[in-house]
Amino acid sequence: MAAALMLSERTRGRTAPNPNVGCVIVRDGVVVGRGWTRPGGRPHAEAIALAEAGEHARGATAYVTLEPCAHVSPRGPACSTLLIDAGVDRVVIGLGDPDPRTNGAGAERLRAAGIDVVEGVLAPEARRAMAGFLTRQATGRPYVTLKLATSLDGRIALCSGESRWITGARARAHAHLERARHEAILVGRGTWEADHPKLDVRLPGLEDRAPRRLVLTSSGSSLGADVLEIECPGDIAALPDTDHLLVEGGAETAAAFLRAGLVDRLLLYRAPILLGTGKPALGDIGLPDLAAAHGRWSLLDARQLGSDRLEVYAST
């Protein structure tokens with residue numbers, strides 16, 4: 001299952017509105033098929049893994065990060081049917097599919113065909129891997145990551161506005177990898193006009209994964225045909241084919257998303273520098289008192305990126 005989850009990460013941010021699923025097929029202790037959902041949502045992971053396994057799928061065990069779908073689509077057959085037709089003996093599932101077209105029906109169909117089904121294996125990890133799809137299913141909006149690159153004293157720029165570069169090359173490369181895992185990226189109007197950010201992916205081999213560009217603004221003036229403008233954080237619910245949104249700044253835009261309760265994950269890059277009276281990372285986030293600030297975030301990951309420190313937090 002851990003291997004299937006790693007495969008699912010290959011197209012995170014590219015499969016919406018479908019989930020990024022991974023699948024590994026094992027027979028007699030040997031991996032005979034691997035698959036992950038392709039960009040645009042098709043083919044599904046199971047279909048690719050079964051095609052690779054061929055006749056070796058008969059009598060095998062399939063490890064799938066999400067319950068195999070039970071509905072027939074114009075874009076392809078139901079994966080539960082494919083697994084049955086391939087003759088697998090056992091299916092191990094990471095997480096149930098909340099899509100009402102499946103939601104238990106996939107696992108039930110497999111059991112009805114005499115296949116041994118095991119559910120809930122590495123479920124927390126599967127939940128994190130498919131957080132975008134699951135958030136859209138549960139709340140009707142994308143999973144939102146807020147990225148902040150700050151000094152040790154929480155500043156994002158000098159008083160003059162100079163901010164290039166607070167963090168070093170390794171931290172910036174990691175941030176570009178994060179961009180590649182999101183369908184859309186958003187900044188505020190002030191950041192757009194002051195920094196003229198490209199908001200693209202500048203990593204060799206991943207240049208084609210640049211997310212769609214969004215700007216939070218209430219001005220109503222056009223910023224270009226390739227830039228989508230939204231007036232308030234809540235408008236992200238209407239974004240088509242977007243399960244992962246990366247918010248990159250500035251301070252007031254970040255604060256607006258936090259005030260609205262629309263941040264699910266924090267990426268905090270901290271450089272070992274002090275800026276003093278520079279520009280703060282956040283504006284007013286609407287806290288009524290200090291007690292309301294506690295218990296809001298849990299640490300998921302922490303690592304060193306060159307001289308910089310990365311901490312990843314999830315909303316509790």
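The exercises below concern pockets, salt bridges, backbone geometry and cysteines in a predicted model.

**Exercise 1. Describe the largest pocket and the residues around its centre.**

Solution. Begin with the volume, which is about 1000 Å³ for the largest pocket. Its lining comprises 38 residues, and those closest to the centre are Lys147, Ser163, Thr191, Asp195 and Glu248. Next, look at the elements that give two or more residues to this lining, among them strand 6 (143-150), helix 7 (169-180), helix 8 (189-195) and strand 11 (244-249). Finally, sort the lining by residue class, which gives 16 nonpolar, 11 polar and 11 charged residues.

**Exercise 2. Determine how Glu248 and Lys147 are paired, and whether each is buried or exposed.**

Solution. The first step is the contact itself: the side chains of Glu248 and Lys147 form a salt bridge with an N to O distance of 3.7 Å, which falls within the 4 Å cut-off. The second step is to place the partners: because Glu248 belongs to strand 11 and Lys147 to strand 6, the pair ties together parts that are 101 residues apart in sequence. The third step is accessibility, where buried means under 20%; Glu248 has a relative accessible area of 16% and is therefore buried, and Lys147, at 18%, counts as buried too. To finish, note that a network of salt bridges links Lys147, Arg179 and Glu248.

**Exercise 3. Describe the second largest pocket and the salt bridge made by Arg265.**

Solution. The second largest pocket encloses about 840 Å³ of space. It is lined by 29 residues, and Arg265 is one of those nearest its centre, together with Glu9, Arg12, Arg128 and Leu300. Helix 5 supplies the largest share of this lining, with 5 residues, while the class division is 13 nonpolar, 5 polar and 11 charged. Turning to the side chain of Arg265, one finds a salt bridge to Glu178 at 3.0 Å, N to O. This pair links distant parts of the chain, since Arg265 is in strand 12 and Glu178 in helix 7, 87 residues apart. Both Arg265 and Glu178 are buried.

**Exercise 4. Characterise the salt bridge between Asp226 and Arg213, including the accessibility of each partner.**

Solution. The N to O distance in this salt bridge is 2.4 Å. Arg213 lies in strand 9 (212-216) and Asp226 in the loop between that strand and strand 10 (227-230), so the parts tied together are 13 residues apart in sequence. The partners fall into separate accessibility classes: Asp226 counts as exposed at 51%, whereas Arg213 counts as buried at 18%. A search of the whole structure finds 16 salt bridges.

**Exercise 5. Locate two cis peptide bonds and two non-glycine residues with positive phi.**

Solution. Consider omega first: the bond joining Arg42 and Pro43 is cis, with omega about -5°, and Pro43 sits in the loop between strand 2 (30-36) and helix 2 (45-53). The bond from Gly249 to Gly250 is also cis, with omega near 5°, and Gly250 lies in the loop between strand 11 and helix 9. Then consider phi: Asn103 has a value of about 35° and is exposed at 52%, while Leu122 has a value of about 55° and is partly exposed at 32%.

**Exercise 6. Why does Cys23 form no disulfide?**

Solution. The closest cysteine sulfur to that of Cys23 is in Cys79, and at 8.4 Å it is too far for a bond. Cys23 is buried, with a relative accessible area of 0%. The structure as a whole holds 0 disulfides.

Notes. Residues are numbered from 1 along each chain as its sequence is written. This is a predicted model: local features need pLDDT of at least 70, side-chain atom pairs count only at pLDDT 80 or more; totals for chains, interfaces and linings use all residues. Side-chain values use heavy atoms; hydrogens and water are left out. On a 1 Å grid over the protein atoms alone, a cavity is a set of points where a 1.4 Å probe fits but cannot get out, and a pocket is an open set with protein on both sides within 12 Å along at least five of seven lines; lining residues have an atom within 4 Å of a point. Grid points are joined across faces, edges and corners, and a volume is the space filled by probe spheres set on the points. Helices (H or I, at least four residues) and strands (E, at least two) are DSSP runs, numbered from the N terminus. Ala, Val, Leu, Ile, Met, Phe, Trp, Tyr, Cys and Pro count as nonpolar, Asp, Glu, Lys and Arg as charged, and the others, Gly among them, as polar. Buried means under 20% relative accessible area, exposed over 50%, partly exposed in between (1.4 Å probe, protein chains only). A disulfide is a pair of cysteine sulfur atoms within 2.5 Å.
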